[in-house]
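I opened this entry to log what I looked up, item by item. Charge pairs come before backbone oddities.

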Amino acid sequence: MGDISCSDDIGNGNGVNGKIHSSLNGYRKSCWYEEEIEENLRWCFALNSILHTGASRYQDIALLDTKPFGKALIIDGKLQSAEVDEFIYHESLVHPALLHHSSPKTVFIMGGGEGSTAREILRHKTVEKVVMCDIDEEVVDFCKAHLVVNREAFCDPRLEVIINDARTELEIGKECYDVIIGDLADPIEGGPCYKLYTKSFYEHSVKPKLNRGGIFVTQAGPAGIFSHTEVFSCICNTLRQVFKYVVAYSAHIPSYADTWGWVMASDIPFTLSADELDSRIKQRIKGENRYLDGKTFSSASTLSKAVRKSLDNETHVYTEGTARFIYGHGSVQKQNQA
């Protein structure tokens, strides 16, 4: 879990593990966000200010104004998105699935409380209805109030926001969807989301709610050369047990300090070329993408040799009893530097 901690160390700016070496050269106040990525690896960056911190029934929430990445949303000590580069994540999550569908009209978002996924979906001219189902009303209200970039999306009459557990909503609802998107928090041990990455959930809750020709896509955690074995490879393998066609793809996101992964799945093949994707982008999407086009997706879905080999050899299936989790947590540290 993330927390806010303060210290008044004197230093010269040469930090070790978030601490500052002692110096007598005076004081310069500084505040840093630090996230533990692996047991011996931490990622930190300087802050202009801490805009808000709080806790909901389910999660800790923080909004930070960072020097390198602008405003950043932190949930349970893990950076969810940053103002400067969130478009990479959300364009990659949304557009490949909607573009590969012949004519997506209805979309269900699992999670997505910050509104950025809905924003990208609503740029598609064919979309008539978007249901965003997030378990945490306080996160949704917080993002509505603080993330100005998504206010237009929250006001769009095509968007319906439901506060509920995504599994429950899918299972009790009668409606089916052309595309279902998993924009869930990372599977963290003790967190609210890990059960929504399991084979049983995909098989019994997600797939039956897809229309004929429907597509499912989910964020799938770190996909770097060393980090992809945390959850990315097993989420991909798990979806292979449920759907006939599965495509894994990735992109580097600077604020995450890693390559990130997504997995797209369907019972229809993904056959569009880069040129065909570009044609659909031009016809269907309002405005211009900042990141994703046909060639970008072709590149994103061409994984490195090492990652391809791991995915090919992966045998682990994600279940509640054999769940894998993302490592680490984050914190904010206030320090006095020379």
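These are my notes on salt bridges, surface charge, cysteines and backbone angles.

Entry 1, model. I am working from a predicted model.

Entry 2, salt bridges. I looked up the total and got twelve salt bridges. I then went through three of these pairs.

I found Arg 42 joined to Glu 34 by a salt bridge, N to O 3.0 Å. Arg 42 is partly exposed at 42% relative accessible area, while Glu 34 is buried at 7%.

For Glu 35 I noted a salt bridge to Lys 78, with 3.3 Å between the closest N and O atoms. Glu 35 sits in strand E4 (residues 28-38) and Lys 78 in strand E8, so this pair ties together parts 43 residues apart in sequence. I checked burial for each partner: Glu 35 has a relative accessible area of 9% and is buried because the cut-off is under 20%. Lys 78 is buried too, at 6%.

The third pair I took was Arg 119 with Glu 86, a salt bridge of 2.9 Å, N to O. Arg 119 belongs to helix H2 (residues 116-121) and Glu 86 to helix H1 (residues 86-100), so the contact ties together parts 33 residues apart in sequence. Arg 119 is buried at 15%, and Glu 86 is buried at 11%. Which residues are linked with this pair in a network of salt bridges? I listed Glu 86, Arg 119, Glu 120 and Arg 123.

Entry 3, surface charge. I found a patch of negative charge on the surface, made up of Asp 275, Glu 276, Asp 278 and Asp 293. Asp 275 lies in helix H8 (residues 274-284). Is Asp 275 buried or exposed? I have it as exposed, at 60% relative accessibility.

Entry 4, cysteines. I looked for disulfides and counted zero. I also noted that Cys 31 is buried at 9% relative accessibility, whereas Cys 176 is partly exposed at 26%.

Entry 5, positive phi outside glycine. Asp 76 has a phi near 50°. Asp 76 is in the loop between strand E7 (70-75) and strand E8 (78-82), and counts as buried at 11% relative accessibility. Ala 257 has a positive phi of about 60°. I placed Ala 257 in the loop between strand E14 (245-253) and strand E15 (258-266), partly exposed at 32%.

Entry 6, a sequence-distant pair. I recorded 7.6 Å, C-alpha to C-alpha, between Thr 229 and Ser 310, which are 81 residues apart in sequence. Thr 229 is in the loop between strand E13 (210-222) and helix H7 (232-240), and is partly exposed at 40% relative accessibility.

Terms used. Residues are numbered from 1 along each chain as its sequence is written. This is a predicted model: local features need pLDDT of at least 70, side-chain atom pairs count only at pLDDT 80 or more; totals for chains, interfaces and linings use all residues. Side-chain values use heavy atoms; hydrogens and water are left out. Patches are made of residues with over 30% relative accessible area and no salt bridge: like charges are joined within 9 Å, nonpolar side chains (Val, Leu, Ile, Met, Phe, Trp, Tyr) within 5 Å. Accessible areas come from the Shrake-Rupley method with a 1.4 Å probe; for residues, only the protein chains shown count as cover. A salt bridge is a side-chain nitrogen of Lys or Arg within 4 Å of a carboxyl oxygen of Asp or Glu. Lys and Arg count as positive and Asp and Glu as negative; His and the chain ends are not counted. The place of a charge is taken as NZ of Lys, CZ of Arg, CG of Asp or CD of Glu. Helices (H or I, at least four residues) and strands (E, at least two) are DSSP runs, numbered from the N terminus. Buried means under 20% relative accessible area, exposed over 50%, partly exposed in between (1.4 Å probe, protein chains only). A disulfide is a pair of cysteine sulfur atoms within 2.5 Å.
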